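Work through the exercises below with the sequence and the coordinates at hand. Each task is followed by a solution in steps.

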Amino acid sequence: MTDALFARVRAALSGLISVAVGLAAGQLVAALRDPATSPVLAVGSAVIDRTPTPLKDWAISHFGTHDKLILLSTVVVGVFILAIVSGLIARRNVIIGAVIQVAMLAVAGYAVLDRPFARWVDLVPTVVAGIVSLLVLFVLLWLDHQPDLRRLVDRKPLQGNAIGASRRYFVVASGAGAATAVVSFVGAKQLTNSRSSVNVHIPQASERAPSLPRGLDASVPGVTPLRTPNTKFYRVDTELTVPTLDASRWSLQIDGDVENPYEISYAELLRRPLVERNITITCVSNEVGGSYAGGATWRGVLTRDLLKEARVKNPDRPDLQVMSTSFNGFTISTPLGALTDGRGAMLAVAMNGEPLPRSHGFPARLVTPGLYGMLGCTKWVTRLTVTTYADKKAYWTERGWTTDGEIKPTARIDVPKSFASVKSGRVMVGGTAWAQRRGVVRVQVSIDDGHWQDATMGPDVNIDYWRQWYFAWNTSKKGTHSVRARVVYGHDQLQTEKRAGVFPNGSSGIEERSFVVH
Ligand SMILES: Nc1nc2c(c(=O)[nH]1)N[C@H]1C(S)=C(S)[C@@H](COP(=O)(O)O)O[C@H]1N2
Ligand SMILES: [Mo]
């Protein structure tokens, strides 16, 4: 490497490492109070909010639940490129290099303050990140510009290899900087994780849900368990970090077009009669065959009772909705009827016998049977406002998604996995099907485009819960085969074959997959 090139590499490294150490310091400071105030996450959230829906769809369909990780990585790569540029420029002109770094943090600061309910103290992590990154930049540049550093340290006259020695100091300092950045990032992550579980006592329900029967998963390997454990439950939301709300400071406000607006605290909520229901919830972004669905026992207070106490004005008006708002201003519109009819929509405080996990909405969330999550499952909810669709538009409504989202009936194949290789003989095909509000009647299977045959069904928990199924296929035909599955629901209705993507009201079509018999 020529000297000139090597000098440029060192300049680039100064920029990169100074920004990395600065951001890591910001991350650590943010983790101490509120992880969402980290400059990196604030920029990431701002980008998410401004991403056009088709691009977001594309990201979800290509990266699935990793979409956020991909997004954050993109932001981080962009930041690192700018950081390298700042280092290269700082080598010629320290002031301009520093100004670039300050400008980057100003953008981050804007993103931090632009969050709903942001306060000035939220800027602290960004300011710390700025100070640390500038300090590290200056130190590294100084080290790099001290050909006679060795003489300074050793008090000896400058020798021929002095430049090499100063570079060694530079390399050591850079290495120390990189290590500090990594340790701080890991520390910040650890700190955030340590606050992810909650320890509160939730009273028993006065109306217990029937306990779940033994599922087919006990006998058919690979079939989704009848109950999804909390730690395995799919998670979809716009948050980049799991919100850590304090139950003792949480309250739910019920207002809007009601005679009796009121507010209820967490303690008051837990003193109310709690009900328990087995409900399968599903995301509108679930592709046919996808994994954004989960079945759990939810415990909470019926929204019907909460809204009854508020006394909705002229409840028979058409176009009425309940706009639910989460702690940071995210909103969901649910048709009023879905929260007040007998289906058992609830403000849930427990999931599968445990307090609601933070990632699933602690202290409280809505669960509405039959509607996609974006229309009835607000997590970290703090407000229910009775209003009309004409008056208020929710987050996803503004982005073009439907307001009328009954979950579409579907059958999913869990085994064999796509292109799995299975032994000839008895091939077990199995999966899950759901048709909330109407109930799964049966699942039918077609192998190699042959006639539709009834699968053996698992326990029927209730119409809002998914149902497992399997089909044992005896074959000696080696090679590639295909299997399709469809659900029959309600009063013997057949699911649609019409293919639809997830936007704007959920996917449909028949799931098909191939596997190899050997
Ligand atoms: N506050 C808040 N609640 C939310 C969302 C969100 O982004 N923010 N996403 C919704 C969507 S799209 C779905 S599918 C469900 C998912 O709930 P889960 O993560 O507990 O599975 O939460 C809903 N509730
Ligand atoms: Mo969703």
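Helices here are DSSP runs of H or I with at least four residues, and strands are runs of E with at least two, both numbered from the N terminus. The model is predicted.

**Exercise 1. Overall content**

Task: State how many helices and strands the chain has, and what share of its residues is buried.

Solution. Step 1: the chain has 13 helices and 20 strands. Step 2: a residue is buried when its relative accessible area is under 20%. Of the 518 residues, 52% count as buried. Step 3: the C-alpha trace spans about 95 × 70 × 40 Å along its principal axes.

**Exercise 2. Annotated segments**

Task: Find where the UniProt record places the feature "transmembrane region", and give the helix and strand content over residues 69-89 and residues 169-188.

Solution. Step 1: according to the unreviewed UniProt entry, the feature covers residues 69-89, 94-112, 124-143 and 169-188. Step 2: residues 69-89 are 100% helix and 0% strand, with the end C-alpha atoms 30 Å apart. Step 3: residues 169-188 are likewise 100% helix and 0% strand, and there the end C-alpha atoms lie 28 Å apart.

**Exercise 3. A helix pair**

Task: Describe the packing of helix α1 against helix α6 by angle and axis distance, by handedness and by the residue classes in contact.

Solution. Step 1: two packed helices are described by the angle between their axes and the distance between the axes. Step 2: for α1 (residues 3-33) and α6 (residues 124-144) the angle is about 150° and the axes are 7 Å apart. Step 3: angles over 145 degrees count as roughly antiparallel, and α1 is therefore roughly antiparallel to α6. Step 4: the crossing of α1 and α6 is right-handed. Step 5: the contact of α1 with α6 holds 16 nonpolar, 6 polar and 2 charged residues.

**Exercise 4. An open sheet**

Task: Give the strand order of the open sheet of 5 strands, and identify its edge strands.

Solution. Step 1: the order is β2-β1-β10-β5-β6, and the pairing is mixed. Step 2: β2 (262-265) and β6 (331-335) each pair on one side only, as the edge strands. Step 3: from one strand to the next, the twist averages 20°. Step 4: β1 (residues 251-256) runs antiparallel to β2, joined by 4 bridges. Across this pair, I254 stands opposite Y262 of β2.

**Exercise 5. Strand β5 and its hairpin**

Task: Decide whether the residues of β5 are buried or exposed, list the pairing of β5 with β10 and β6, and characterise G329.

Solution. Step 1: 7 of the 7 residues of β5 are buried, so this strand is largely enclosed by the rest of the structure. Step 2: both faces are covered, with L320, V322, S324 and S326 buried on one side and Q321, M323 and T325 buried on the other. Step 3: β5 pairs with β10 (residues 381-388) in the antiparallel sense over 7 bridges, where Q321 has T387 as its bridge partner. Step 4: β5 also pairs antiparallel with β6, over 5 bridges, and T325 is there bridged to T331. Step 5: β5 and β6 form a hairpin with 4 residues between them, and G329 in the turn has a positive phi of about 100°. Step 6: G329 counts as partly exposed because its relative accessibility is 32%. Step 7: G329 and R50 are 279 residues apart in sequence, and their C-alpha atoms are 15 Å apart in space.

Notes
Residues are numbered from 1 along each chain as its sequence is written. Chains are lettered from A and ligands numbered from 1 in the order in which they are written. This is a predicted model: local features need pLDDT of at least 70, side-chain atom pairs count only at pLDDT 80 or more; totals for chains, interfaces and linings use all residues. Side-chain values use heavy atoms; hydrogens and water are left out. Axes are lines fitted to C-alpha atoms, for helices over the stretch in contact, and angles run from 0 to 180 degrees between N-to-C directions. Angles under 35 degrees count as roughly parallel, over 145 as roughly antiparallel, 65 to 115 as roughly perpendicular and the rest as oblique. A crossing is left-handed if the near helix is turned anticlockwise from the far one by less than a right angle, and right-handed if clockwise. Ala, Val, Leu, Ile, Met, Phe, Trp, Tyr, Cys and Pro count as nonpolar, Asp, Glu, Lys and Arg as charged, and the others, Gly among them, as polar. Two strands pair if DSSP finds at least two bridges between them. UniProt positions are given in the numbering used here, feature names are shortened, and annotations may be inferred rather than shown by experiment. Buried means under 20% relative accessible area, exposed over 50%, partly exposed in between (1.4 Å probe, protein chains only).
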